Amino acid sequence: MRSEWTAFRRPGRLIALAAAGLIVIAVGLLLAAGNRSDCGGPCPELVSGGGVVVRDKFSFLHRDLGREGSITVRLTSMTGTITYPPPNHDQIVPGLVPWAKAGILIKDGVRPGSQYAALLMTGSHGVRFQYNYTHDLAGRAGGVSEQSPRWLRLTRSGDNITGAESTDGKQWHNVATSKLHGLPENVQVGLFATSPNDLTLRKVGLGATMGQARHTQAVGVFDNVTVDGAATGKWHNEPVGGEIKTDWERQHPSGAVEKDGAITVSGSGDIRPHSDESVKTLLLGLPIGLIIVLIVAARHGTRTARQTPSRRVIAARATILGAATFATGLVAVGILVPTGMAILKGNGIAVSPPPFLTGTRVVAGLAVALALCAILTFGLGLRLRRGWTAILIGLSLIALPYTIATLPLLPDPFSQWLLRLTPAAGFAVQQTMTEYPHVTAHYAPSAGYFPLPWWAGLALLGAYTLIVMWIALGRKPVADTEAVRV
């Protein structure tokens, strides 16, 4: 092993691997430096809630509620508006996005990220009972109008919150009950409205899509508001999650207005887990580094084939190549991710650094994926004995599928199948996004969401590597009598 390591340390190979790592770092940091906030100042800080990083921004008309009590309202109307992005800021159309929300909510204070339970009407998914950001339970389907209003009720009993709905205010149907551990004596209860940005998929490239956000606002009209068990105090009208920031929000202020016995609450924002694509953005230089690694590995395998060494020598060379590539990936990604996150945050971007275990999996997992790709391509060079042929096949099997799937080049279904069937599936180890049914997002490889779980993708890449090396060793003439020091 020592002698093979000495032979591997040729200046050309080490320089190529170092260049691959430096390119990954340089491209990622340049992209981070050029990415700046468009919130008219620093974007609101992300907060933790329910064990995840969350968005928690909405209009809230609220008052105190004791340990036993309830709020009952009748929702008679829910409308909204959608504003087109530049250059059509003046184009405002009526409409509700599917997960716009208006309803009633019980919350542990008004601090963003605190526990809550809400019973609400949505734009397209009927009545829902949601709590602590990641939980969503369905009530009755359908919409709401003056001719067909919805009655909503939340009841608190200690730490238990129950949501119920009715069409007439007499016959009630329980939707769900949640337990919010450790609620204080007094919580905040009231009416709220919020509406996430509308996601528009714009076609680019050869049929790929890119997500584009449009500002939206939801408006709910309530009457017959009754609060039982309320502590003393007045109603307070305030935005949760920070003051108005964007030009659009300044022109379309949110809040609550009471007139003729009806309360109109308008709001934008969302109450949901946060889907952060920052890691994916920082890794846009990875395909370039991967191409360099594959070329080095294929040429090394071809040279090895021409020397007809023993299986032990081949195993030693594959191990050394994998270790060197692993170290390159570990250093490059280990430097890039925390440094890039710090730069993005310094530029006012709302980022959520991955939890320690997730960050460790991304850094170490990408290093493992690069090492496996190198060994696989080494096996191709060993089997084919033609450097450029091995390089082209390696690029076609690994680098090309990964590049066209993670960049917006081809339609999403095609990209997803590429990352299910090819060795490029191993790069799912970099994924930090989680899919939630009640969160509208672009769940596609070009947005950082892979079709296979990280462990399944890495296992598929490992299987490809084992098969290629088994085939290469099975055909290779072996000089078992060659002296090898391991």
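Which side chains meet in a salt bridge at 2.5 Å, N to O? They are those of Arg128 and Asp136, and both Arg128 and Asp136 are buried. The structure shown here is a predicted model, and this briefing follows its salt bridges, one of its helices and a nonpolar patch on its surface.

**Salt bridges between distant parts of the chain**

- The count of salt bridges comes to eight, and one of them joins Asp159 to Arg67, with the closest N and O atoms 4.0 Å apart.
- Asp159 sits in the loop between strand 9 (150–157) and strand 10 (160–166), while Arg67 sits in the loop between strand 2 (52–65) and strand 3 (68–83), so this pair ties together parts that are 92 residues apart in sequence.
- Of these two partners, Asp159 is buried, because its relative accessible area is 17%, whereas Arg67, with a relative accessible area of 29%, is partly exposed.
- Another salt bridge is formed where the side chains of Asp223 and Arg74 meet, at 2.8 Å from N to O.
- This pair also links distant parts of the chain, since Asp223 belongs to strand 14 (residues 208–228) and Arg74 to strand 3, and the two residues are 149 residues apart.
- Asp223 counts as buried because its relative accessibility is 14%, while Arg74, at 24% relative accessibility, counts as partly exposed.

**A network of charged residues**

- Salt bridges also link Lys101, Asp270 and Arg272 in a network.

**Helix 9 and its two sides**

- Helix 9 spans residues 412–421, and its buried residues are Asp412, Ser415, Leu418 and Leu419.
- Viewed down the axis of helix 9, these buried residues fall within an arc of 120°, so they line one face of the helix.
- An α-helix has 3.6 residues a turn, so residues three or four places apart point the same way.
- The buried residues of helix 9 pack against strand 14 and helix 8 (387–406), whereas Pro413 and Leu421, on the other side of helix 9, are exposed.
- Strand 14, against which these buried residues pack, is also the strand that holds Asp223, the partner of Arg74.

**A nonpolar patch on the surface**

- Ile467, Trp470 and Ile471 form a nonpolar patch on the surface, and together they have about 360 Å² of accessible area.
- One of these residues, Ile471, lies in helix 10, which covers residues 454–475.
- Ile471 counts as partly exposed because its relative accessibility is 38%.

Key: Residues numbered from 1 in each chain as written. Predicted model: local features only at pLDDT ≥ 70, side-chain atom pairs only at ≥ 80, totals over all residues. Heavy atoms only, no water. Patch = residues over 30% accessible without salt bridge, like charges linked within 9 Å, V, L, I, M, F, W, Y side chains within 5 Å. Areas by Shrake-Rupley, 256 points an atom, 1.4 Å probe, with all protein chains shown as cover. Helix = DSSP H or I, 4+ residues; strand = E, 2+ residues; numbered from the N terminus. Buried < 20%, exposed > 50% of the residue type's maximum accessible area, 1.4 Å probe, protein only. Arc of directions from axis to C-beta. Contact = heavy atoms within 4.5 Å.
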